[in-house]
Amino acid sequence: MGARLSLPQARRIALNAQGLAAVRPTQPVNARTVGRTFAQLQLVQIDSVNVISRSHFLPFFSRLGNYDRTILSTLSGSAPRKMMEYWAHEASYIRPEHFRDLTLWQNRKWVGSSSLDPQLRAGLETQILALLARSRPLTAREVKSRIGHEEEKNHEGWGWNWSAVKRTLEGLFERGVVGAASRNDQFERRYALVEKVLPPSLRNGSGAGEGAVPSDGDADRRAAMDRLIEASARAHGIGTLRCLADYFRLPAGEAAGSVDRLVADGTLEEVEVAGWGAPTYLHAAAKIPRKARGRALLSPFDSLVFERRRLLELFNFHYRLEIYTPAPKRKYGYYVLPFLLGESLAARVDLKADRQGSRLLVRGAFAEPDAPAETAPELAAELALMALWLGLDDVVVAPHGDLAQQLGVAVKRG
């Protein structure tokens, strides 16, 4: 057993590893800054929910403040790509160097074409791959139109009522044969052969799919797992096996073997954190700031809040997303963001961007029991910054929640 750390030390390590411990930069945010932040996080989850902004934009706002969202389109859609789509924690932007490793460990067949008639699937794959080999990136609808595939309406509700062409494309995407070159304004993937999506230096690697170099089997899978767990540990700073495996949604049994190997080679150190029962691991590159001074509203899909048990153990903050909870049963609201202030998660707010009215709506505001006295004015300043970033003119606080009155006063004071 290595060093014994206090809970506040573990908290500061985690915040620093996630880019949330320091005060934001004051200079304008450029593509290089966004790219460095993404490299630090290793992945950013994608989700279609657009209550405030598409969820993958929010982690960069949390860490960098007011930045130009088109930078992400450049990083993910222009060569050489610094980020690309694939399955990780969920559908995510990942660092391209992780792509081949992830194809060896991700198994999301339920989203694709595995249940299609094999003959239909084989025929569609042949047509789709031939089309994408000679065309620009295309959406599923464009592919369906180009190959002239007709089918009966799916009334089973499977796959969000996806067509067979969409399911086949998603199956090819899951296998690492087809990639997402970009997204259109409707948030639809534009598909291309993955060799056209990967940066040149990473093409013809050892991943799955046609055209790839054959794998060496178990040794390749172990090496891939080691690289992914190391990246996860670097992004966490400190964490348990459960934390490290969950980041890329890797199987815990195989992840445990990687943790053992990384401890043996000095990349990880087993440490003890006061109050934590499970074995805990510290990355060799992790730093312990003397103080965490960040301030941020965190997306429900932010990587700091991925693993809810970790969040509870680090911050004593119980959190769940209530989007799918019937409205009368919601405790806090539909789209609730935790508010980080220094070293504590001090509050949570239910937010909505009213684009037509140019208002950021605070539909509920709730303080944690140990919220600092300055929580309301600090949260008001963060909401004002978010409204500016979103191009909204005003912040409006509804009288719901134990922090709402104080927050409303602080917002009016500006």
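## Close-up views of a predicted model

**View 1. Strand 1 pairs with strand 8.** In this predicted model, arginine 4 has glutamate 272 of strand 8 as its bridge partner. Two bridges hold strand 1 to strand 8 (residues 268-273), and the two strands run parallel. Step back a little and you'll see four strands in an open sheet, ordered 1-8-9-7, with mixed pairing. Strand 1 (4-5) and strand 7 (238-240) are the edge strands, so look for a partner on one side only of each. As a reminder, strands of a sheet pair through backbone hydrogen bonds, either parallel or antiparallel.

**View 2. Helix 2 and its buried residues.** Start at the N-terminal end of helix 2, where asparagine 30 acts as the cap. One of its side-chain oxygens lies 3.2 Å from the backbone nitrogen of arginine 32. Along the helix (residues 31-41), the buried residues are Thr33, Val34, Gly35, Thr37, Phe38 and Leu41. An α-helix has 3.6 residues a turn, so residues three or four places apart point the same way. What do the buried residues of helix 2 pack against? Their neighbours are strand 2 (43-45), helix 3 (58-64), helix 4 (70-77), strand 4 (91-94), helix 10 (218-236) and helix 11 (241-247). Just past the helix, glutamine 42 takes a positive phi of about 80°.

**View 3. Serine 299 and aspartate 302 in one loop.** Serine 299 sits in the loop between strand 10 (295-297) and helix 13 (308-315), and aspartate 302 is also placed between strand 10 and helix 13. Is serine 299 buried or exposed? It counts as buried because its relative accessibility is 0%. Aspartate 302 is buried too, with a relative accessible area of 0%. A polar atom of the serine 299 side chain lies 2.9 Å from the backbone nitrogen of phenylalanine 301. Leaving out residues up to four places away in sequence, serine 299 touches Ser55, Leu58, Val305, Tyr335 and Leu337. With that same exclusion of residues up to four places away, aspartate 302 touches Gln18, Pro59, Ser62 and Arg63.

**View 4. The crossover from strand 13 to strand 14.** Strand 13 (residues 359-367) and strand 14 (residues 394-397) run parallel, joined by four bridges. Leucine 360 stands opposite valine 395 of strand 14. To get from strand 13 to strand 14, the chain passes through helix 14 (residues 375-390), and this β-α-β crossover is right-handed.

**View 5. Tyrosine 67 stacks with tryptophan 389.** The model has nine aromatic pairs. This view shows the one formed by tyrosine 67 and tryptophan 389, which is stacked, with 5.7 Å centre to centre and 25° between the planes. Why does the pair tie together parts of the chain that are 322 residues apart in sequence? Tyrosine 67 is in the loop between helix 3 and helix 4, while tryptophan 389 belongs to helix 14, so the pair links those two parts. Both tyrosine 67 and tryptophan 389 are buried. The two also belong to one aromatic cluster with Phe60 and Phe61.

**View 6. Arginines over aromatic rings.** Two spots to zoom in on here. The charged end of arginine 69 sits over the ring of tryptophan 389, at 4.9 Å from its centre. Arginine 54 lies over the face of phenylalanine 187, with 4.3 Å to the ring centre.

Conventions:
Residues are numbered from 1 along each chain as its sequence is written. This is a predicted model: local features need pLDDT of at least 70, side-chain atom pairs count only at pLDDT 80 or more; totals for chains, interfaces and linings use all residues. Side-chain values use heavy atoms; hydrogens and water are left out. Buried means under 20% relative accessible area, exposed over 50%, partly exposed in between (1.4 Å probe, protein chains only). A polar contact is a pair of N or O atoms within 3.5 Å; within protein, one must be able to donate a hydrogen and the other to accept it, and residues adjacent in sequence count only if both atoms are side-chain atoms. Contact means heavy atoms within 4.5 Å. Two strands pair if DSSP finds at least two bridges between them. A crossover is right-handed if, with the strands pointing away from the viewer, the path from the first strand over the helix to the second runs clockwise. Rings of Phe, Tyr and Trp (its six-membered ring) pair if their centres lie within 6.5 Å; planes under 30 degrees apart count as stacked, over 60 as edge-to-face and the rest as tilted. A charge sits over a ring if NZ of Lys or CZ of Arg is within 6 Å of the ring centre and within 35 degrees of the ring normal.
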